[in-house]
Amino acid sequence: MKRESIIEILLFTVSLFSLVSLMGIVLSIFGEAIPFFREVPFLDFITGKCWYPTSEPPCFGLLPLLAGSIVVTIGAMLVSLPIGLGTALYLSEFAKPGVREILKPFVELLAGIPSVIYGFFGMVILAPLVQKIFRVPVGLNAFTASLLLGVMTLPTIASIAEDALNSVPVTLREASLALGATKWETATRIVLPAAKSGILTSIVLGAGRAAGETMTVLMVAGGAAVIPRSIFQPVRPITATIAAEMGEVAMGSVHYHALFALAAVLFLSTLCFNILAERIKGREG
Amino acid sequence: MRKAVEIGGIAFCLISVLFALLSLFLILFFIFINGIKVISPSFLFDFPRKAMTEGGIFPAIVGTFLLSLGAVFFSLPLGVMTAVYLTEYATSRRIVKLIKIGINNLAGTPSVVFGLFGLAVFVKLLGFGVSVLSGSLTLGILILPVIIRASEEAIKSVPRELREASLALGATRWQTVKNVVLPSALPGILTGAILGVGRAAGETAPILFTAATFYTAHLPRSLFDEVMALPYHIYALMTEGTFPEKQVPIAFGTAVVLLLLVLGINSFAIWLRYRRRRAW
């Protein structure tokens, strides 16, 4: 009997590990970010319009990097939202079961391609193409990055939205069809509204994925830390800044702690996305 | 009018699916057609030479195997135990909810944040340095949600009658878990572990500052050595070095190897899962 309760306590302790890791992430990121705010006032950081970490005197302003992240995230959603929802609708409402069984694994495979491969593909193939087609000075820009991020987040949106559509009871569809509605009308006016919370969750998680994606934007977004005036300008999202600069900073310097401050901003914003997704799911019950 | 909307709507959905498939095939096609001619036995089994402009990628292949297997080695026991607790033991809904919030937020944390966490904790605080160990631990925490979710699903799909039969025969809860539930859930748990390996093998950002290096003259001799890794090698070839015209073909070849590895692993896992679903 005693053995049983020891095992239960052991399992309980181990299962707290993911919570502990999450707290470890919070503590280590915020802990390393605090020294930065002793040097640079918080307000200067979040309202600063320049990012010149190595010039003299240095400038640590969040806005150009945040603008980069926001532009590519919105751009990615413009691509992945319609196409992801269209894919989900097709798979769950219109495809024959056999066709669906064949197509679904391919969407899952798309989700499995490593981000560095997207970045590589973007650098050597997509960027030169974008440069030629749109006659812009550089192919590595916010547009190219958005396009790739859109394709990357498409499987996230498609698979979560499809699960949501699938969980709508068949009886609702049958009732609608029996009343003379077409398949499209049933899908858009009955099934989509019924799956609303799942669809919203898929959008929020997709956006969170796009905002947190690192390698693709590091390789493809162009790396210019300025607030972009057009979608065809190079940008430097928060994730790319951290990855690009952490390799070159001196441990313990203001710049080093500044990158942790960026990571803290990033963590907080993806946390908001996650909490939002959780809320939407919770409301459904 | 209704007919036109109907046809237009369904056509849009079909085009969306085709766009997704086309993206997959275009990426694979361009990378394979450029990379396949670089691949040869010596490319796979040689060390890089002449400042990365010649030779092979053997150390990067070995490094990626070590890092991803290390991550699963660390993450699998923790993940399975968590899944067992959540599905078989936990009685308080609030605790289950709390643990799940932890798992979901861990899954949503950007990979570069994991990289900084690994740098601050494993590399600096615990003093493991830039090493296989630091990288494996960082990747292990990254894939923990994948392993937990797959194990949970697998354990939940074990029919209740099996548990009841075992308990009715006088087995304790742990004996039931160990002798009945886990063996039946094993295929599903393995699928999760395989997906975890695939995910860990393809990640770059978490190992940038915790494990990876552009070049080593020898294979790692201990867990505390830094390693080359396939994803980082692609990134480094594209952004460092002085001979891009010679480095890009090598990057194509490396990308083919990484894609074959990751897609091979994922297809295997997907196939296992479909087969298992059909069996039940």
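Q: A residue counts as buried if 20 or more other C-beta atoms lie within 10 Å of its own, as exposed if 12 or fewer do, and as partly exposed in between. Is A:R100 buried, exposed or partly exposed?
A: This is a predicted model. In it, A:R100 is found in helix α5 of chain A, residues 97–112. A:R100 has 15 other C-beta atoms within 10 Å. That count lies between the two cut-offs, so A:R100 is partly exposed.

Q: Leaving aside its neighbours within four places in sequence, which residues is A:R100 in contact with?
A: One pair can be set aside at the outset: the C-alpha atoms of A:R100 and A:A187 are separated by 16 Å, with their positions 87 residues apart along the chain. Beyond four places in sequence, the contacts of A:R100 are A:L91 and A:A95.

Q: Is A:T201 buried or exposed?
A: A:T201 sits in helix α10 of chain A, residues 196–212. There are 23 other C-beta atoms within 10 Å of A:T201. The threshold is 20 or more, so A:T201 is buried.

Q: Which residues is A:T201 in contact with, leaving aside its neighbours within four places in sequence?
A: A:F273 gives a sense of the fold here: its C-alpha atom is 9.3 Å from that of A:T201, though the two are 72 residues apart along the chain. Beyond four places in sequence, the partners of A:T201 are A:I160, A:A277, A:I280 and A:K281.

Q: Is A:R135 buried or exposed?
A: A:R135 lies in the loop between α6 (115–134) and α7 (142–166) of chain A. Its phi is near 50 degrees, a positive value in a residue other than glycine. Most residues other than glycine have a negative phi. With 8 C-beta neighbours inside 10 Å, where 12 or fewer is the limit, A:R135 is exposed.

Q: What kind of peptide bond joins A:E56 and A:P57?
A: A:P57 is in the loop between β1 (51–52) and β2 (59–60) of chain A. Most peptide bonds are trans. Between A:E56 and A:P57, omega is about 0 degrees, and the bond is cis.

Q: How many residues of chain B are in contact with chain A?
A: On the chain A side, 68 residues take part. Helix α2 of chain A, residues 17–39, gives the largest share of that side, 10 residues. By class, the chain A side divides into 44 nonpolar, 18 polar and six charged. On the chain B side, the number of residues is 68.

Q: At what angle do the axes of α1 of chain A and α3 of chain B cross?
A: Helix α1 of chain A spans residues 2–15, and helix α3 of chain B spans residues 58–89. Their crossing is left-handed. The contact is made by A:E8, A:L11, A:F12, A:V14 and A:S15 on one side, and by B:L78, B:M81, B:T82, B:V84, B:Y85, B:L86 and B:Y89 on the other. The axes come within 8 Å and cross at roughly 115 degrees.

Q: Why are α5(B) and α6(B) oblique to each other?
A: α5(B) covers residues 111–125, and α6(B) covers residues 132–156. Their axes come within 9 Å. An angle over 115 degrees and not over 145 counts as oblique. The two helices are therefore oblique to each other, as their crossing angle is roughly 135 degrees.

Q: How do the residues of the contact of α5(B) with α6(B) divide into nonpolar, polar and charged?
A: α5(B) passes α6(B) in a right-handed crossing. α5(B) contributes B:S111, B:F114, B:G115, B:F117, B:G118, B:F122 and B:V123, while α6(B) contributes B:S134, B:L137, B:T138, B:I141 and B:L142. The division is seven nonpolar, five polar and no charged.

Q: What percentage of the residues in chain B are buried?
A: Chain B has 11 helices and two strands. Its C-alpha atoms fill a box of roughly 70 × 70 × 35 Å along the principal axes. Among contacts between residues at least 6 apart in sequence, 76% join residues at least 24 apart. Of the 280 residues in chain B, the buried part is 49%.

Q: Where in chain B is confidence lowest?
A: Chain B averages a pLDDT of 91, and 98% of the residues score at least 70. The model scores ipTM 0.92 and pTM 0.93. Confidence in chain B is highest in α6(B), at 96. It is lowest, at a mean of 80, in residues 54–55, strand β2 of chain B.

Terms used: Residues are numbered from 1 along each chain as its sequence is written. Chains are lettered from A and ligands numbered from 1 in the order in which they are written. This is a predicted model: local features need pLDDT of at least 70, side-chain atom pairs count only at pLDDT 80 or more; totals for chains, interfaces and linings use all residues. Axes are lines fitted to C-alpha atoms, for helices over the stretch in contact, and angles run from 0 to 180 degrees between N-to-C directions. Helices (H or I, at least four residues) and strands (E, at least two) are DSSP runs, numbered from the N terminus. Angles under 35 degrees count as roughly parallel, over 145 as roughly antiparallel, 65 to 115 as roughly perpendicular and the rest as oblique. A crossing is left-handed if the near helix is turned anticlockwise from the far one by less than a right angle, and right-handed if clockwise. Two residues are in contact if their C-beta atoms, placed from the backbone, lie within 7 Å. Ala, Val, Leu, Ile, Met, Phe, Trp, Tyr, Cys and Pro count as nonpolar, Asp, Glu, Lys and Arg as charged, and the others, Gly among them, as polar. pLDDT is the predictor's confidence in each residue, from 0 to 100.
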